[in-house]
Amino acid sequence: MSEQKIPSEAAQKRSKIINTVVNIVVIVVVVFVAFIAISRVTSLKKGYNSLFGTAFIAVETNSMAAAGIKRGDMLLVDVLTQEEAGKLSEQDVITFKHFDRTLKAEIIITHRIVEVIPYGDGVRYITHGDSNELNATEDVYPPDVIGKLKNKIGGVGHLTLFFASKWGFFSIVVIPCLLVVLYCVFRVIMGVRAYTKEKAALEAENAMTDEDKIAALEAQLNALKKSPQEQEPTEPDDKS
């Protein structure tokens, strides 16, 4: 019977550590992908992501670059109720929804209030991007206001803009999902192979064990049939 090589304790420990690390990485990837997917679905519905009353808005243009707000920055915006949105003042920097007739879609803009005009029972805001031409203004009504600028994080918005793109979604969500599926398939295949190999080895071991027993019995019988070895005669001592 051929001897099977048993992995050393150090090798088993190393293999266990590697498997644990790989599993942790897979879990982190799955959680990250799920977070991105949920954020994408949420942002498609509202146009932005928010958490605990703060909206996270990625800047897409340099219309407010003169105020230090550049494309790719991440804006932290205090989400306002409609009542709060009706009490804003000049020079407040606000984020609002605006229907772009060129794009034929609703977009999100962050500009400064340059004038507050009474309008019916409420107000109307004239907004302007600090870096835009003087006549490039937008009329904003309280229901369209998302919130008031609280802070910004430079450059982080580039990542959000990339996630929002088709290629970003494909590379951040689709590809990791495919890799996780392939990893799971690989683990299943390796598990089946290990089970098959272990089962074959066990069956072979049982069969060879029976043969060994038969061979051992035959060896004992042959040993009993052999005549005892003759002892060599001892020479008599010479007597003088």
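In this predicted model, a good place to begin is H111, which, once its neighbours within four places in sequence are left aside, is in contact with S63, M64, D92, V93, I94, F96, T127, H128, G129, N132 and E138. H111 itself belongs to strand β5, the element that covers residues 105-119.

Is H111 buried or exposed? The relative accessible area of H111 is 3%, and because a residue counts as buried when this value is under 20%, H111 is classed as buried.

Two of the residues already named deserve a second look, since their side chains take part in polar contacts with H111. The side chain of S63 makes one such contact with the side chain of H111, at 3.0 Å, and the side chain of E138 is likewise joined to that of H111 by a polar contact of 3.0 Å.

From this residue we can step back to the protein chain as a whole, which contains four helices and eight strands. Read from the N terminus on, these elements follow the order α-β-β-β-α-β-β-β-β-β-α-α.

How many residues does the protein chain have, and what percentage of them count as buried? The chain has 240 residues, of which 24% count as buried, and H111 is itself a buried residue. Among the contacts in the chain with a separation of 6 or more, 56% are accounted for by residues 24 or more positions apart.

Finally, turning to the outside, the accessible surface of the protein chain comes to about 18,100 Å², and 60% of that surface belongs to carbon and sulfur atoms.

Conventions
Residues are numbered from 1 along each chain as its sequence is written. This is a predicted model: local features need pLDDT of at least 70, side-chain atom pairs count only at pLDDT 80 or more; totals for chains, interfaces and linings use all residues. Side-chain values use heavy atoms; hydrogens and water are left out. Helices (H or I, at least four residues) and strands (E, at least two) are DSSP runs, numbered from the N terminus. Buried means under 20% relative accessible area, exposed over 50%, partly exposed in between (1.4 Å probe, protein chains only). Contact means heavy atoms within 4.5 Å. Accessible areas come from the Shrake-Rupley method with a 1.4 Å probe; for residues, only the protein chains shown count as cover. A polar contact is a pair of N or O atoms within 3.5 Å; within protein, one must be able to donate a hydrogen and the other to accept it, and residues adjacent in sequence count only if both atoms are side-chain atoms.
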